[in-house]
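Visitor: Please take a close look at one loop, then follow the chain outward from there. Keep it brisk and concrete.

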Amino acid sequence: MKTEKLYEKDPFIKEFDAQVISSRFNGKTVEVVLDRTAFFPEGGGQGCDVGMLGGSEVLKTKIVDGEIVHFCGKALPKGAKVKGAIDFPRRLRMMQCHTGEHLTSGLVKSLFGVDNVGFNLSDERVTVDTSGALSEAQIRELEREINRVIRADVQVRAWYPGHHELNSLDIRSKIELKPGVRVVEIEGVDLCACCAPHLSSTGQIGFAHIAESLNYKGGTRMYILFGEDAVRDARERHDALNEVARLFSAKPLEAAQAAKKYVEEKEALERKLAALIKEKLTLRAIELAALKKNPVVFDEELSPKDCVTFCDALMTKSEGLCGAFAPKEGGGFAGVIGKRKGGMKELLPVLRDELLARGGGTDEMFHGTLQADKEKIKSFFGSFS
Ligand SMILES: [Zn+2]
């Protein structure tokens, strides 16, 4: 006996009465088959229903060997009359996302002539991949059209067409259609084969928002939010934008412009600061190079970039071994050692040996760390010839 699929007749059924046809403990859960059920087993890209059955939790529902099996936490005796209740908020969200996906697929086909070639419904969003690339303008148009069809509250119908009717239908589908297949129609928008429960009209989706799009395998990947997901996302984006606007004392819709101006000003200041640092380091380098044959400097204020700038400045004034270092977290020093006429590669084994150097670079400049104390490094530079 095949289980009667109550969810096909009424996708909004939340509770039902049924009789246990079989009940089997599989070592982990109890596999229950009913004479009738509102629990949808996963399919068509939609997840399965969970909920309660005869006082037991239904952890998942799945088709096994052609039968709808409810995986329950507790045993239910064969023949028992039980009440079932599905987790309806979860189901409603899945129906909103799934019906929204049919709507999107129908519209990308009719508007732009591309196919939906991949669909995923996660806990956060719906992912739709198209066979051809969509422009930003097309994505905006698509979003407007999806919401227009939602507002028009178009009827959604699911049925099993006979052989002749099936042949006469213009079904959007990649799979071979066989008699006995169930089709789902969004009137005037989409017609496709699908086994899952859907909403009964597009108005029940509520709202749609294409949150992100990117190039994907020659087409476009869109992350789309429907219903409550879209409302929540809009609220979160709105709050985030308001916070950014407050930081810049700007109106929310002018926040991007204010942020752009801030970044440009920051970059100009950074350029100015870099020029000043370079000037300061060059002056120090001239002084130091006049005093020492192999000048080396240790300064905790030096960034890695400053070390290079300093060493460069030393090398223009000195033909000797030049170094610039900042103390490293955990001991030792990080920085550079340079020589105007080259020879660093040849010197590297000595540096490794005597100053526990680690790093690399060019023949003119070594970049890396020295695991030695300041006095030892100073003495190395002092005796280098
Ligand atoms: Zn479907």
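Guide: Start at K217, which sits in the loop between β14 (208–216) and β15 (219–226). Bear in mind that this is a predicted model. The backbone at K217 stands out: its phi is positive, about 45°, although the residue is not a glycine. Is K217 buried or exposed? It counts as exposed, because just 12 C-beta neighbours lie inside 10 Å. The cut-off for that class is 12 or fewer, so K217 sits right at the limit.

Another loop offers a parallel case. D65 also has a positive phi, here about 50°, and it is not a glycine either. D65 lies in the loop between β6 (56–64) and β7 (67–72). It is exposed, with 5 other C-beta atoms within 10 Å.

Now go back to K217 and step into the strand that follows its loop. Y223 is in β15. It counts as partly exposed, since 18 other C-beta atoms lie within 10 Å. Buried would take 20 or more. Which residues does Y223 contact, once those within four places in sequence are set aside? They are R125, T127, A211 and E212. Two of these, A211 and E212, fall in the 208–216 range of β14. So Y223 reaches back across the loop that holds K217. R125 and T127 come from elsewhere in the chain. The C-alpha distance tells a similar story: Y223 and V126 are 97 residues apart along the chain, yet their C-alpha atoms are separated by 5.7 Å.

The same two strands feed the interior. The largest nonpolar core has 50 residues. V32, I146, A208, I224 and F226 have the most contacts inside it. A208 belongs to the β14 range, and I224 and F226 to that of β15. Which helix gives the most to this core? It is α2 (residues 88–112), with six residues. The core also spans a domain boundary: it draws at least three residues from each of domain 1 (4–86) and domain 2 (92–246). In general, nonpolar side chains in soluble globular proteins tend to be buried together.

I146 ties several of these pieces together. Leaving out residues up to four places away in sequence, I146 touches L103, T104, L107 and A208. A208 lies in the range of β14, and L103, T104 and L107 lie in that of α2. I146 itself falls in α3 (residues 136–152).

That brings up the helix pair. α2 and α3 pack at about 125°, with axes 10 Å apart. That angle makes α2 oblique to α3. Their crossing is right-handed. On the α2 side, the contact is made by L103, T104, L107, V108, L111 and F112. On the α3 side, Q138, E141, L142, E145, I146 and V149 take part.

What else does the chain hold? It is divided into domain 1 (4–86), domain 2 (92–246) and domain 3 (277–383). The loop of K217 falls within the range of domain 2. The C-alpha centres of domain 2 and domain 3 lie 62 Å apart.

Out there, a second helix pair can be set beside the first. The axes of α6 and α7 come within 8 Å and cross at roughly 45°. That makes α6 oblique to α7. This crossing, too, is right-handed. α6 contributes I277, K278, L281, T282, A285, I286, L288 and A289; α7 contributes D306, T309, F310, A313, L314 and K317.

E287 is also in α6 (residues 255–291). It is exposed, with 11 other C-beta atoms within 10 Å. Its C-alpha atom is separated by 81 Å from that of E57, 230 residues away along the chain.

Finish in another loop. S318 is found between α7 (304–317) and β17 (322–327). Unlike the exposed K217, S318 counts as buried, because it has 21 C-beta neighbours inside 10 Å. Sequence neighbours up to four places away aside, S318 touches A289 and P295. The C-alpha atoms of S318 and A285 are separated by 9.3 Å, with their positions 33 residues apart along the chain.

Notes. Residues numbered from 1 in each chain as written. Predicted model: local features only at pLDDT ≥ 70, side-chain atom pairs only at ≥ 80, totals over all residues. Core = buried A, V, L, I, M, F, W, Y, C linked by C-beta atoms within 7 Å. Helix = DSSP H or I, 4+ residues; strand = E, 2+ residues; numbered from the N terminus. Domains from an automatic or database assignment. Contact = placed C-beta atoms within 7 Å. Axes fitted to C-alpha atoms, helices over the stretch in contact; angles between N-to-C directions. Parallel < 35°, antiparallel > 145°, perpendicular 65-115°, else oblique. Left-handed = near helix turned anticlockwise from the far one by under 90°.
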